[in-house]
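Biologist: I'd like to learn how to read a small protein model. Could we go through it together?

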Amino acid sequence: MYPDIARKMNLAGVVKLELTVAPNGSVKETKVIGGHPILVSAAVDAVKKWKFETASAESSGTVEFRFDPTNQ
């Protein structure tokens, strides 16, 4: 969800996160690679709700969120 304060500030930007996904498909850990702090919290909150396919071991990767107040 695009943060209200970010929308009021007309704040746009990219947030990059590194994720560790547990074998059960849940996001186990997030590490911020970059992005505005106001947008980072929204991205982390969103990604923690994601569910991936189950696997035999942990996996990791990066995701990128693009926030654009004109697209909301």
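Biologist: Which residues of helix α2 (residues 37–47) are buried?

Modeller: Happy to start there, with a word on the ground rules. This is a predicted model, in which local features need pLDDT of at least 70, side-chain atom pairs count only at pLDDT 80 or more, and totals for chains, interfaces and linings use all residues. Residues are numbered from 1 along each chain as its sequence is written, and side-chain values use heavy atoms, with hydrogens and water left out.

Modeller: Buried means under 20% relative accessible area, exposed over 50%, and partly exposed in between, with a 1.4 Å probe and protein chains only. Helices (H or I, at least four residues) and strands (E, at least two) are DSSP runs, numbered from the N terminus. In α2, the buried residues are Leu39, Val40, Ala42, Ala43, Val44 and Val47.

Biologist: Why would residues three or four places apart point the same way?

Modeller: An α-helix has 3.6 residues a turn, so residues at that spacing face the same way.

Biologist: And what covers the buried residues of α2?

Modeller: Think in contacts, meaning heavy atoms within 4.5 Å. The cover includes α1, β1, β2 (27–34) and β3 (59–67).

Biologist: How many helices and strands does the protein chain have, and in which pattern?

Modeller: There are two helices and three strands, and along the sequence they follow α-β-β-α-β. Among contacts between residues at least 6 apart in sequence, 67% join residues at least 24 apart.

Biologist: Let's try single residues. Is Thr20 buried or exposed?

Modeller: Thr20 counts as buried because its relative accessible area is 17%. Thr20 sits in strand β1 (residues 13–21). Beyond its neighbours within four places in sequence, Thr20 touches Ser26, Val27, Lys28, Glu29, Glu58, Ser59 and Ser60.

Biologist: And is Lys8 buried or exposed?

Modeller: Lys8 counts as exposed because its relative accessibility is 74%. Lys8 belongs to helix α1 (residues 4–8). The C-alpha atoms of Lys8 and Pro69 are 8.8 Å apart, with their positions 61 residues apart along the chain.

Biologist: What share of the protein chain is buried?

Modeller: Buried residues account for 31% of its 72 residues.

Biologist: One last feature: which residues form the aromatic cluster?

Modeller: Rings of Phe, Tyr and Trp (its six-membered ring) pair if their centres lie within 6.5 Å; planes under 30 degrees apart count as stacked, over 60 as edge-to-face and the rest as tilted. The whole structure holds four aromatic pairs, and Tyr2, Trp50, Phe52, Phe65 and Phe67 form one cluster.
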